[in-house]
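Here is a friendly walk through the model, one region at a time. Keep the 3D view open as you read.

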Amino acid sequence: MRKLSRMKMKVYIDGCLYDESEAKISVFDHGLLYGDGVFEGMRIYGGRLFRPELHIARLQQGAKVIQLDVPWTADEMIDVICRVACENGFTDKDAYCRVVVTRGKGNLGLDPSACPKPSLIAIVGTIKLYPEEDYQNGLAVMTTAIRRNSPESCPPQIKSLNYLNNILAKLEANRYGAKEAIFLNHLGYVAEATADNVFIVKNGRVLTPPVLAGALPGITRHSVLELAAGLEIPTEERNMLLIDLYGADECFLTGTAAKVVPVTRVDGRTIGTGRPGRITRTLVSAFTKLTQETGIPVAERNAAALSGR
Ligand SMILES: Cc1ncc(COP(=O)(O)O)c(C=O)c1O
């Protein structure tokens with residue numbers, strides 16, 4: 001059988017576009033040596049970049065906390081993403097964008113003052129976390145023995161390049177044949193999944209752990225909370241224990257890569273009826289509609305940037 005060849009991507013690094021095979025950073029970059037940097041994952045739906053201003057604000061906030069000076073404005077970074085999207089032909093298609101800001105090139109010591117200039121990397125490609133049937137039937141997930149990063153260390157609200165905890169949890173899920181792993185925090189409250197926020201529905205209310213429980217302030221989470229409020233579905237950010245998860249009427253995860261995905265089993269227990277629930281399905285539809293009707297058209301934005309506006 002003939003192998004379908006994937007189009008070669010162009011990747012942006014510090015002002016230049018490279019063929020993907022030529023897109024390289026220094027082995028002395030502290031992003032590589034120490035996980036010193038921040039990143040974002042965004043989506044383009046039908047050629048429109050979804051809520052980039054919120055993603056960039058989160059990236060800038062995280063960078064500020066780790067004292068990483070980001071010299072690019074939000075507009076400049078959005079222009080870069082739109083440029084890379086257009087270069088890779090995503091002017092009217094769905095895509096996934098990765099924006100990485102590293103501390104930049106330094107030396108073998110971990111002191112960041114050896115890194116005079118941060119690096120900006122932008123990749124636009126595609127991603128699919130789960131097969132379509134998981135969106136129809138719901139995921140079977142497990143809780144992991146690994147705790148969510150403690151707020152007494154690097155704050156878990158920062159989308160930093162340190163994802164080893166999340167990777168360990170994902171490996172654990174893989175080992176047990178679960179589709180996702182749910183973290184509890186250091187106090188035993190539900191925090192979130194490895195790259196998604198967690199929601200439950202109980203007695204008609206949509207509940208999600210507060211950011212202070214160790215959840216990343218997800219853009220999809222924020223959008224779903226707004227959509228629920230607009231649909232007059234009561235919402236609440238509140239601490240939850242495992243018993244709340246096991247006893248939920250419905251459960252779902254939200255994330256840029258995952259979108260909104262129902263969960264129907266947790267640690268071998270059936271959630272609700274064992275099928276994606278009514279409120280989950282309503283929110284999936286509302287979120288899909290939002291992604292189709294909003295966002296910055298990448299082609300227009302790129303054309304405006306090229307013409308000097
Ligand atoms: C740890 C973690 N939690 C939650 C999320 C979901 O956030 P968002 O909806 O902004 O993608 C992500 C994804 O970026 C993540 O990495």
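## Thr256 and its loop

Thr256 sits in the loop that joins S13 to strand S14 (259–266). The structure is a predicted model, so please read each position as computed. Is Thr256 buried or exposed? Thr256 counts as buried because it has 20 C-beta neighbours inside 10 Å, and a residue is called buried at 20 or more.

Who are these neighbours? Setting aside residues within four places in sequence, Thr256 is in contact with Gly41, Met42, Arg43, Ile219 and Thr220. Arg221 is 35 residues from Thr256 along the chain, and the C-alpha atoms of the two are separated by 9.3 Å.

## Around the ligand

Thr256 turns up again at the ligand: with Leu216, Gly218, Ile219 and Thr220, it belongs to the residues that come nearest, out of 15 around the ligand. Two elements, helix H6 (219–230) and strand S13 (250–255), each supply at least two residues of this shell. H6 gives the most, with 3 residues.

By character, the shell around the ligand divides into 8 polar, 4 charged and 3 nonpolar residues.

## Two domains and their contact

The domain assignment splits the protein chain into domain 1 (10–125) and domain 2 (132–276). Their C-alpha centres lie 26 Å apart. The contact between them takes 18 residues from domain 1 and 11 residues from domain 2.

On the side of domain 1 that touches domain 2, strand S3 (37–45) and helix H2 (52–65) are the elements that give two or more residues. S3 has the largest share, 7 residues. That side of domain 1 divides into 7 nonpolar, 6 polar and 5 charged residues.

## The nonpolar cores

The largest nonpolar core has 42 residues. Those with the most contacts inside it are Val141, Ala181, Val190, Phe199, Ile200, Cys251 and Val263. A second, separate core has 31 residues, including Ile81, Val101, Ile123 and Val124.

Phe199 is a good residue to click on. Leaving aside neighbours within four places in sequence, Phe199 is in contact with Val206, Leu207, Thr208, Val224, Cys251, Phe252 and Thr254.

## Two helices and the glycines after them

Helix H3 (residues 74–87) has 14 residues, which at 1.5 Å a residue should span 20 Å, and its end C-alpha atoms are indeed 20 Å apart. The buried residues of H3 are Met77, Ile78, Val80, Ile81, Cys82, Arg83, Val84, Ala85 and Cys86. Just after H3, Gly89 takes a positive phi of about 80°.

Helix H5 (residues 164–175) can be checked in the same way: its 12 residues should span 16 Å at 1.5 Å a residue, and its end C-alpha atoms are 16 Å apart, which agrees. Just after H5, Gly177 takes a positive phi of about 70°.

## Positive phi without glycine

Most residues other than glycine have a negative phi. Asn203 is not a glycine, yet it has a positive phi of about 50°. Asn203 is found in the loop between strand S10 (197–202) and strand S11 (205–208). Asn203 is exposed because it has 7 other C-beta atoms within 10 Å, and 12 or fewer is the cut-off for exposed.

Lys259 also has a positive phi, near 65°, in a residue other than glycine. Lys259 is found in strand S14. With 19 other C-beta atoms within 10 Å, Lys259 is partly exposed.

Conventions
Residues numbered from 1 in each chain as written. Predicted model: local features only at pLDDT ≥ 70, side-chain atom pairs only at ≥ 80, totals over all residues. Near = placed C-beta within 6 Å. Helix = DSSP H or I, 4+ residues; strand = E, 2+ residues; numbered from the N terminus. Nonpolar A, V, L, I, M, F, W, Y, C, P; charged D, E, K, R; others polar. Core = buried A, V, L, I, M, F, W, Y, C linked by C-beta atoms within 7 Å. Contact = placed C-beta atoms within 7 Å. Domains from an automatic or database assignment. Expected span 1.5 Å × (residues − 1).
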